[in-house]
Each structure stands twice: as structure tokens, then as C-alpha cells.
Amino acid sequence: MTAIIDTHAHIDELEDLSGALSRASSAGVSDIVAVSVDLASMEKLVAIASQYTAPKIHVALGVHPGKVDPSVAKQAFDFMRAHIKIACAIGETGLDYWYKWVRKDEEQRRKQKDSFEFHLGLAKEFDLPIVIHSRGAWADCLEMAKASGVKRALFHWYSGPVDVLDGVLEAGFYVSTGPSVAYSPESRRAMTHAPLERILVETDTPVTYRDGEIPFKSEPRDVIRSWKALAELKNLDEQTTLGQLNKNAKEFFRI
Ligand SMILES: [Zn+2]
């Protein structure tokens with residue numbers, strides 16, 4: 001029987017949550033790290049985690065860089081502090097410079113950095129791992145994570161340059177990949193370069209991926225695709241790969 005952990009899923013965004021969780025459980029998903037993106041999703045996930053037992057749901061509390069809104073930041077940050085005891089991690093947080101308007105808007109980047117700084121501080125204070133979204137902002141994320149002194153940082157869905165990846169690995173941090181490792185050149189380059197001992201697998205549910213040419217909307221059971229595609233990419237035995245991936249996830253999140 002397979003037992004696998006989806007280390008990054010937005011399960012509150014699933015249309016058929018009960019169905020997706022029971023399909024995940026039947027497929028062998030033992031645990032899900034449910035990441036939040038704003039106050040509303042944190043509230044939903046706290047409720048969901050107490051409702052479902054299989055798979056086991058671990059909540060990560062945070063505000064996504066794409067959802068940073070200074071007018072509600074205090075409320076969100078207060079919620080995080082008030083629920084810190086149930087959090088398995090801080091996130092999803094980080095920086096996103098993917099869009100041109102963000103790269104041009106210094107004020108927007110400042111807001112993202114202020115929010116990320118708060119998350120890093122909380123992770124450090126409570127010795128929690130932090131889940132970082134770093135799209136287009138890989139070097140800045142690494143610099144801030146290192147400067148903060150956090151011990152456990154995960155660069156989720158890492159598809160950035162190899163030189164920054166070297167810095168991530170040197171700092172003792174982790175990277176993760178989803179089903180796109182089957183076909184995305186950026187994901188494949190990064191996952192070829194990173195040692196298996198520093199890789200976690202995820203889905204980023206409900207992101208849409210491709211199976212060959214056919215698009216599909218992901219749910220947590222698709223973490224099996226991430227695992228098998230990674231094993232194939234690295235030319236490793238599937239079971240050995242899975243054993244190491246589970247060890248990594250359990251050590252990183254202490255679950
Ligand atoms: Zn995500």
C-alpha cells in the first residue's frame with residue numbers, strides 16, 4: 001500500500017472537497033499540507049482540518065504574495081498568531097515578480113516584502129517551517145530567508161535558475177515539485193540538479209496540468225504523478241524514491 005504526502009494543496013478551493021479527499025485516501029495519500037492564501041482561506045482550512053480525518057490534514061497559515069492587502073493585513077496576522085498552535089507551517093508566503101506591472105511597481109514589491117518579513121519573523125519565533133512562493137523573485141526570496149535566520153524553508157514549485165537553487169541548497173533549504181515535473185523544462189532542470197534528499201512532492205491543487213496533451217485539474221491524489229515523474233526523471237526506483245520523499249516531508253514539517 002502506497003503512503004504518500006501531498007506537501008502543498010489549496011484544498012479549500014476544490015469544488016468537490018469530500019470526493020477529492022476520499023479519492024486521495026483510496027489512492028494512498030496519507031497526509032496533506034493544506035496551505036492558505038488569505039484570511040478567508042485560513043478560516044476555511046482550520047474548519048476543514050477538524051472535519052476530516054483521512055487523509056490527515058495539516059494546516060499552514062499565511063498570506064500569498066498575490067493576495068497582500070495592507071488594509072486587512074493586521075486581521076490576517078492576528079489570526080495567524082491566535083491559531084499558531086494548530087499550524088504545521090507558515091505559508092504560503094513569499095514574493096512574486098512574475099508580472100511586469102509588479103516588477104515596475106516598487107510600492108507593490110515593498111508591500112510583498114513587508115508581508116514576507118512578518119511571516120519569516122513568525123516562523124523564526126515559533127520554530128516553524130516556512131513555505132515560500134518565489135516565482136520570478138527567486139534571488140530576493142533566498143536573500144530574505146537567509147537573513148531571517150529561519151532553519152526550515154521550502155521553495156515550493158521551484159522552477160528558477162540553477163545558481164539561486166545552489167544557494168537554496170547551501171542554506172540547507174528544500175525545494176518541491178508538482179506534476180509538471182513530467183514535462184516542464186524549468187521544473188525538470190531544477191529537479192535534475194537538486195538531490196533527492198532535499199525534494200518534496202506536491203500538487204498545488206487545483207492547478208491545471210497536462211497529461212500528455214490533455215489538460216486536467218489537479219487534486220491531492222495527483223501527487224502520485226509528481227512522485228512517479230520525479231523517479232523517472234532521476235532514473236531511480238519508484239519505491240526507494242517514495243521512501244526518501246516521505247522521510248523528507250516528515251522531517252521538514254515534523255508530521
Ligand atoms: Zn500554492
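Which residues coordinate the zinc ion?

1. In this predicted model, the zinc ion is held by four residues, namely H8 and H10, each through its NE2 atom, together with E92 through OE and D204 through OD, and the coordination distances run from 2.1 to 2.3 Å.

2. Looking along the chain, you will find that these donors follow the spacing H-x1-H-x81-E-x111-D. Because H10 sits in the loop between β1 (4–9) and α1 (17–27), while E92 belongs to strand β4 (residues 87–94), this pair ties together parts that are 82 residues apart in sequence.

3. The geometry of the site deserves a careful look, since the angles subtended by the four donor atoms around the zinc ion range from 84 to 170°, which makes the arrangement irregular. A tetrahedral site would need all angles to lie between 85 and 135 degrees.

4. As for exposure, H10 is buried, with a relative accessible area of 6%, and E92 likewise counts as buried, at 2% relative accessibility. The cut-off for calling a residue buried is under 20% relative accessible area.

5. Turning to helix α8, which spans residues 185–193, the buried residues are S187, A190 and M191. They cover an arc of only 95° around the axis, and therefore lie on the same side of α8. An α-helix has 3.6 residues a turn, so residues three or four places apart point the same way.

6. The buried residues of α8 pack against α7 (162–170), β7 (174–177), β8 (199–201) and α9 (223–233), whereas the face of α8 turned away from the buried side carries the exposed residues P185 and T192.

Conventions: Residues numbered from 1 in each chain as written. Predicted model: local features only at pLDDT ≥ 70, side-chain atom pairs only at ≥ 80, totals over all residues. Heavy atoms only, no water. Buried < 20%, exposed > 50% of the residue type's maximum accessible area, 1.4 Å probe, protein only. Helix = DSSP H or I, 4+ residues; strand = E, 2+ residues; numbered from the N terminus. Arc of directions from axis to C-beta. Contact = heavy atoms within 4.5 Å. Donors = N, O, S within 2.8 Å, 3.2 Å for Na, K, Ca; no water. Tetrahedral: all angles 85-135°; square planar, octahedral: opposite > 155°, others 65-115°.
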